[in-house]
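Q: Please give me a close look at a single part of this model: the strand hairpins and the aromatic side chains around them. Take it step by step, and say where the prediction is less certain.

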Amino acid sequence: MKNLKNLLVILGLIVLSACSNSDEKNIDDLNDRDLSEVMQGFQEKINDIQIPAGLTNSSDANAQTTATYINVVKSYGLIFSAFFTVPSNATAQKPNVAAKNAATGNTQTYTWSDGQSTINYTVTELVDRYTFSYSIESPSFTGKVMDGFSLKDESLAELNMYDAGGTSLTMKWSYINGTATLDVKDNAGSQFILIANSDNSGTLEVFEDGSLSVKCTWNASGNGTLINYQTGETFSW
């Protein structure tokens with residue numbers, strides 16, 4: 001996925017030092033920091049996806065390929081989740097008490113900058129979900145780079161990454177009855193769909209140009225199969 005390179009460049013801005021002005025206040029001084037932490041559960045669940053030891057320790061080449069695919073998808077999830085780590089020295093607009101009681105929900109914007117590039121991360125609390133948006137102001141790019149939502153029960157989230165040409169990456173996440181699903185797709189038709197069960201069994205499908213290319217399946221012990229749809233071959237270990 002070529003768009004990962006653009007995503008990594010944008011991520012470099014996430015660790016910039018915070019800016020400050022008279023209308024804003026350091027988030028450590030705010031009484032209510034809930035909106036800066038609403039995606040912590042998402043981050044934790046991505047980290048909790050485990051690969052069976054029998055799979056990671058296997059000497060079989062196809063088992064190793066499967067483990068690599070799983071780690072690639074997890075990496076995408078962790079890269080996305082890094083956006084939701086708000087620096088402790090970021091500044092934040094003071095919550096509007098009236099807005100908290102309005103139908104539009106409670107909105108908080110966090111800002112940090114290195115003096116040349118500035119990130120604005122806006123989170124809005126609605127009845128059943130949080131919505132969020134990232135925008136960047138920099139010499140090389142100004143505009144929205146990400147938006148999405150997460151249900152409050154942490155069962156579903158969707159994130160969209162943007163570049164100058166429009167949507168570049170989309171990630172859909174669900175967590176239902178202990179089963180996690182990560183679906184990462186770019187605008188060129190490349191896609192990974194990872195299903196990880198609570199017992200560490202699972203499946204992973206890889207699409208290229210919109211067509212299924214590889215499907216991996218493994219059980220809780222790490223035994224499994226890899227089907228290569230391009231060659232018609234099936235491998236087991």
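A: A definition comes before the hairpins: two strands pair if DSSP finds at least two bridges between them. The strands themselves are DSSP runs of E, at least two residues long, and they are numbered from the N terminus. The model is a predicted one.

Start with β11 and β12. They form a hairpin with two residues between the strands. Asp209 sits in that turn, with a positive phi of about 55 degrees. Strand β11 covers residues 202-208 and strand β12 covers residues 211-218. The two run antiparallel and are joined by seven bridges. Across the pair, Glu205 stands opposite Lys215 in β12.

β12 also has a partner on its other hairpin. It pairs with β13 (residues 224-228) in the antiparallel sense, over five bridges. Lys215 appears again here, opposite Ile227 in β13. Five residues lie between β12 and β13 in this hairpin. Gly222 is in the turn and has a positive phi of about 100 degrees.

Now move back along the chain to β4, the heart of this look. Six of its eight residues are buried, so to speak of a mostly covered strand is fair. Its hairpin with β3 leaves four residues between the strands, and Gly115 takes a positive phi near 100 degrees there. Strand β3 spans residues 106-113 and pairs with β4 in the antiparallel sense over eight bridges. Asn106 has Glu125 in β4 as its bridge partner.

β4 pairs with β5 as well. Eight bridges join these two antiparallel strands. They form a hairpin with three residues between them. Within it, Tyr121 stands opposite Tyr134 in β5.

That brings in the aromatic rings. Rings of Phe, Tyr and Trp pair if their centres lie within 6.5 Å. By this rule there are six aromatic pairs. One of them is Tyr69 with Phe192: the ring centres are 6.2 Å apart and the planes meet at 50 degrees, so this pair is tilted. Tyr69 is in helix α4 (residues 61-82) and Phe192 in strand β10 (residues 191-196), so the pair links parts of the chain 123 residues apart. Phe192 is buried, at a relative accessible area of 12%.

Tyr121 and Tyr134 make another pair. Their ring centres are 4.7 Å apart, and their planes are at 15 degrees, so the pair is stacked. The step rests on the cut-off of planes under 30 degrees apart. Tyr121 belongs to strand β4 (residues 118-125) and Tyr134 to strand β5 (residues 129-137), so the pair ties together parts 13 residues apart in sequence. Both tyrosines are buried. They also belong to one aromatic cluster with Tyr110 and Trp112.

Two charged side chains sit over rings. Arg129 lies over the face of Phe149, 4.8 Å from the ring centre. Lys152 has its charged end over the ring of Tyr130, at 5.5 Å from the centre.

What packs elsewhere? In helix α2 (residues 40-48), the buried residues are Gly41, Phe42, Gln43, Lys45 and Ile46. The buried residues of α2 pack against α4, β7 (156-163), β8 (166-176) and β9 (179-186). Phe84 lies in the loop between α4 and β2 (91-92). It counts as buried, at 3% relative accessibility. From C-alpha to C-alpha, Phe84 and Gln43 are 8.4 Å apart, though 41 residues separate them in sequence.

Step back to the chain as a whole. It has five helices and 14 strands. Of its 237 residues, 46% are buried. Among contacts with a separation of 6 or more, 41% join residues 24 or more positions apart. The exposed area is about 11,600 Å², and carbon and sulfur atoms supply 46% of it.

Last, confidence. The average pLDDT of the chain is 80, and 79% of the residues score at least 70. Over residues 11-33 the pLDDT is below 50, and this stretch has 61 contacts in the model beyond near neighbours in sequence. Residues 99-103 also stay under 50, with six contacts beyond four places in sequence.

Notes
Residues numbered from 1 in each chain as written. Heavy atoms only, no water. Phe/Tyr/Trp six-rings, centres within 6.5 Å; stacked < 30°, edge-to-face > 60°. Buried < 20%, exposed > 50% of the residue type's maximum accessible area, 1.4 Å probe, protein only. Lys NZ or Arg CZ within 6 Å of the ring centre and 35° of its normal. Contact = heavy atoms within 4.5 Å. pLDDT = per-residue confidence, 0-100. Areas by Shrake-Rupley, 256 points an atom, 1.4 Å probe, with all protein chains shown as cover.
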